[in-house]
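Me: I'd like to know where the labels in this model come from. Can we go through them one at a time?

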Amino acid sequence: MSASLSIAYARRTAAPVQRSFDLRDIGGIEIAVLTKAAALAELSDAMATGRHLKLAFCNANLVNIAAHDPGLRRRLAGFLVLADGIGVDIGAWLLHGAPFPANLNGTDFIPSLFASEQRALRVGLIGGRPGVAERAADWLGRQFPQHRFKVVSHGYFDPSEEAGLLAGLKAAPPDLLLVAFGNPRQESWIADKLGPQHCAVAAGVGALFDFFAGEVPRAPETIRRTRLEWVYRLWLEPRRLWRRYVLGNPVFLLRLLRQRFFPGRSRQ
């Protein structure tokens, strides 16, 4: 199958059968207007019925990346995209007059999904550095023993191994596949490579395994309540994250202002 046909197939099979929620355009990405309970119910229904769903968490950084990647924006049109962080909330205020109903960052949302799901889930993990997914799966298994967590692979597999990994998923498709390759590789891989034969829900989760494995500490609860966890992460890893936050946040705000006042030029 050609790349263009595979992308079209992925988008077609990822689209929900019936959407019962609104979308808001933030920097060219359509983000779902959902409460936490409604988002959890959407995923629970997809896993229970086998309805294939591709999930992404959109923060300011993903908006910045997608602004220069039309292919990524097209792929994300086939995803359920959830609002992640204060940046997209500022965008919602500026562009649509109201914030999103909830901050649905993956680090908190995925554990909430496991805690709320009554049915025993089969969960696959793929991504991260070698050994990290195993430690994350071990932590998840201890926190949520009602579910089964299985590591598919780390994120540094050779391209020659990809067909075997996909065949393994097809042979035993999980209810939920957590894909931790980082933006935008994880979203592109989910869109181009995964279909209903591989899993019910495929979620791009970024650095989630690092948090679960204890590789990167979460910010204290007081900082998280003020929605400034990005400041804590920048303090922990300034060399790796300064471009994302110190440069990226002002660029994101300028992009929102351009979308607000010059909508025809906002995606260029």
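Reply: Sure, starting with polar contacts: a polar contact is a pair of N or O atoms within 3.5 Å; within protein, one must be able to donate a hydrogen and the other to accept it, and residues adjacent in sequence count only if both atoms are side-chain atoms. The model is predicted, so local features need pLDDT of at least 70 and side-chain atom pairs pLDDT 80 or more, while totals for chains, interfaces and linings use all residues. Residues are numbered from 1 along each chain as its sequence is written, and side-chain values use heavy atoms, with hydrogens and water left out.

Me: What makes the pair formed by the side chain of Arg185 and the backbone oxygen of Gly155 a polar contact?

Reply: The distance is 3.0 Å, and the cut-off is within 3.5 Å, so the pair qualifies. Arg185 is also in contact (heavy atoms within 4.5 Å) with Gly155 and Phe157, leaving aside neighbours within four places in sequence.

Me: Why is Arg185 called partly exposed?

Reply: Buried means under 20% relative accessible area, exposed over 50%, and partly exposed in between (1.4 Å probe, protein chains only). Arg185 has 37%, so it is partly exposed. Arg185 is found in helix α9, residues 185–193; helices (H or I, at least four residues) and strands (E, at least two) are DSSP runs, numbered from the N terminus. In space, Arg185 is 9.4 Å from Leu72, C-alpha to C-alpha, with their positions 113 residues apart in sequence.

Me: What is special about the peptide bond just before α9, from Asn183 to Pro184?

Reply: That bond is cis, with omega near -5°. Pro184 sits in the loop between β7 (176–180) and α9. As background, most peptide bonds are trans, and most residues other than glycine have a negative phi.

Me: Which sign does the phi of Arg227 have?

Reply: Positive, at about 60°, although Arg227 is not a glycine. Arg227 lies in the loop between α11 (221–225) and α12 (229–236). Its relative accessibility is 25%, so Arg227 counts as partly exposed.

Me: How do you know whether Gln259 is buried or exposed?

Reply: Gln259 has a relative accessible area of 11%, so it is buried. Gln259 lies in helix α13, residues 238–261. A polar atom of its side chain lies 3.1 Å from the backbone oxygen of Asp25, so that pair also passes the polar-contact test.

Me: What about Phe262: buried, partly exposed or exposed?

Reply: Phe262 has 47% relative accessibility, so it counts as partly exposed. Phe262 is found in the segment after α13. The C-alpha atoms of Phe262 and Ser44 are separated by 39 Å, and the two residues are 218 apart along the chain.

Me: Why are Ala77 and Pro130 called exposed?

Reply: Ala77 has a relative accessible area of 55%, so it is exposed. Pro130 is exposed because its relative accessible area is 55%. Ala77 is in the loop between α4 (70–76) and β4 (80–83), while Pro130 is in the loop between β5 (122–127) and α7 (132–143). Not counting residues up to four places away in sequence, Pro130 touches His154 and Tyr156. The C-alpha atoms of Ala77 and Gly28, 49 residues apart along the chain, are 9.7 Å from each other.

Me: Zooming out, how do you know that the radius of gyration agrees with a compact globule?

Reply: The radius of gyration is taken over C-alpha atoms, and the globule rule is 2.2 Å times the number of residues to the power 0.38. With 268 residues a compact globule would come out near 18 Å; the protein chain has 18 Å, so the two agree. The C-alpha trace spans about 50 × 45 × 35 Å along its principal axes, and the protein chain has 13 helices and eight strands. Of its 268 residues, 50% count as buried.

Me: And what share of the contacts joins residues at least 24 apart?

Reply: That share is 75%, among contacts between residues at least 6 apart in sequence.
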